[in-house]
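Opening the notebook on a new model today. I want to look at the fold, the pocket and the cysteines.

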Amino acid sequence: APAEESPGLPGGGGGSRRPPPPQGPAVPELGCLGAQNGEASSGSAAGEQLAHANGLLPSASAANSSGGGSSPGGLSVNNGVPAAGGPGSAAAELGGGGGSALKKKKRLSQSDEDVIRLIGQHLHGLGLNQTVDLLMQESGCRLEHPSATKFRNHVMEGEWDKAENDLNELKPLVHSPHAIVLGIVVRMKFLLLQQKYLEYLEDGKVLEALQVLRCELTPLKYNTERIHVLSGYLMCSHAEDLRAKAEWEGKGTASRSKLLDKLQTYLPPSVMLPPRRLQNLLRQAVELQRDRCLYHNTKLDNSLDSVSLLIDHVCSRKQFPCYTQQILTEHCNEVWFCKFSNDGTKLATGSKDTTVIIWQVDPDTHQLKLLKTLEGHAYGVSYIAWSPDDNYLVACGPDDCSELWLWNVQTGELRTKMSQSHEDSLTSVAWNPDGKRFVTGGQRGQFYQCDLDGNLLDSWEGVRVQCLWCLSDGKTVLASDTHQRIRGYNFEDLTDRNIVQEDHPIMSFTISKNGRLALLNVATQGVHLWDLQDRVLVRKYQGVTQGFYTIHSCFGGHNEDFIASGSEDHKVYIWHKRSELPIAELTGHTRTVNCVSWNPQIPSMMASASDDGTVRIWGPAPFIDNQDIEGKTTSMYIGKLM
């Protein structure tokens, strides 16, 4: 039977070595190149010779791994491969005599070659150069083109003239139109000369640096603005000053490695791999899995050390705020609104029973306890807004309420009780980001801007306001009105513009932290997501029952990836922002759920307020056992609470 080919180790058995590759001009593509893997011939000039089998850095085993018939000595140390030439080594593995005919080795696919190169690059970064040698020899591949290897070594050694000459060898390997190639070479040359110039300056060789600036950089006629900046560095008095002003690491491995990273972007990957390519691919894979995980609700850590690459990323529904942790029953009538403070340490709830209750969130147990009760809202409390610093809280009533209450949260004292006219209907409020002003209005055509003492600063006539929001620019106020739209009002130049137009009444809306997205509760339609910048409807979320009750939805979770809303069918619905179908339907309330609020600092905590007179705090599942008995867990736990 014909013997199998030796795995690329020279000297393994009589006549079993692969023949050397055919002589000829350098091959630009990186197919399998035979056992020598693109090494320079023994006749190369001493300074240009590539002494390492993988074409990157010389190692102790270089001479052995490239020699004609010698043993590859040290290759067996770290890889567990028997040293070739020993008794019964390669010949025994071949299963036949040295003169047996060899099977033709199957050519690797392009994807296999790519994977081998990626692994080789990663191993090289770990310093496992002998392992890389063996991998390249057995596979018949190489990490990069020999010209690229020379270029890399010359850059890292600071041999700038040689690196510049290497560009002429790299030029034919860039498969682009001639004009584009010339532009690429000029950019790469500029980066090389810039490093050369900065290193001369750091070494105190001002005349040499000036020569580079005048006679090498300037004639390139590229990026003259940058050349002016570089010329200014001639005035730096010492090396530390130069590094600080140039935002440069200084002469050495760090800055040259960063330079190589920039240079590699101009070369095709078949010639020189992008830096840390395998790590970047793995990081992208981890991020993609997290993005596709419906329940991922923890802070993103981009470090690969924080995850296992051996299993897929999966978050359990049990880690999500789908389970009742606490039921607050202190209100004695319908609860119309709830809102966590910006720092997440408090929850305010407003009720038809004329009170606002402020609850303290325990940072360890995440349990809530009653902190203060603010009384005297004769019409009930249907809307609450925390000031940006959480020191104040504004409470509004329903449609027939003409009053607004501004409370000092720390002392529990009423700072301002505002009423411009008994004809008013002040049902919504929003704080200016400076915390010194707020806007308020209602459906009877009032739209005011006031200070903390209730003094009227500005007013806008004839706007029937349903809901309000102040943008982060400090001057634009968004208001939904009775014309089924959201308009932007600028209180500085007194201009207004249409932003969102719906076909049905907008009962309420809220804005994402970045100001880009608006979440609307639309009568008879449900929950809609709008892009305010592009002014387009992004998504309609399914499942929720929305009539003509005012229901308040919210963004929530880490990075505000989730959306939650109450519903007239007594449930709380949660969606991933990118998915129209709900990922969770939370049961427990017995009447319409009017409002939901996600804790901005504790992503696993959410509150819901209902006409059943209760506020429910939702969190992860309590620990029962390690088995996935999600349905049973829900019924067991909620059953105990109910």
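My entries below go from the whole chain to the pocket and then to the cysteines.

**Overall.** I noted up front that this is a predicted model. I counted 14 helices and 28 strands in the chain. Of its 642 residues, 49% come out as buried. I also looked at contacts between residues at least 6 apart in sequence, and 52% of these join residues at least 24 apart. For the surface, I got about 30,300 Å² exposed, with carbon and sulfur atoms supplying 51% of that.

**Pocket.** How much space lies in the largest pocket? I have it at about 1,200 Å³. The lining takes 50 residues, and the ones closest to the centre are Lys 339, Asn 342, Trp 469, Ile 511 and Lys 513. I then checked which elements give two or more residues to the lining; among them are strand E2 (335-340), strand E14 (465-470), strand E18 (506-511) and strand E26 (593-598). Sorted by class, the lining has 27 nonpolar, 19 polar and four charged residues.

**Cysteines.** How many disulfides does the structure hold? I found zero. I wanted to know why Cys 338 has no such bond, and it comes down to distance: the closest cysteine sulfur, in Cys 595, is 4.0 Å away, too far for a bond. The cut-off I used for a disulfide is 2.5 Å between the sulfur atoms. I looked up burial too, where the cut-off is under 20% relative accessible area. Cys 338 counts as buried because its relative accessibility is 1%. Cys 470 has a relative accessible area of 12%, so I put it down as buried.

Notes. Residues are numbered from 1 along each chain as its sequence is written. This is a predicted model: local features need pLDDT of at least 70, side-chain atom pairs count only at pLDDT 80 or more; totals for chains, interfaces and linings use all residues. Side-chain values use heavy atoms; hydrogens and water are left out. On a 1 Å grid over the protein atoms alone, a cavity is a set of points where a 1.4 Å probe fits but cannot get out, and a pocket is an open set with protein on both sides within 12 Å along at least five of seven lines; lining residues have an atom within 4 Å of a point. Grid points are joined across faces, edges and corners, and a volume is the space filled by probe spheres set on the points. Helices (H or I, at least four residues) and strands (E, at least two) are DSSP runs, numbered from the N terminus. Ala, Val, Leu, Ile, Met, Phe, Trp, Tyr, Cys and Pro count as nonpolar, Asp, Glu, Lys and Arg as charged, and the others, Gly among them, as polar. Buried means under 20% relative accessible area, exposed over 50%, partly exposed in between (1.4 Å probe, protein chains only). Contact means heavy atoms within 4.5 Å. Accessible areas come from the Shrake-Rupley method with a 1.4 Å probe; for residues, only the protein chains shown count as cover.
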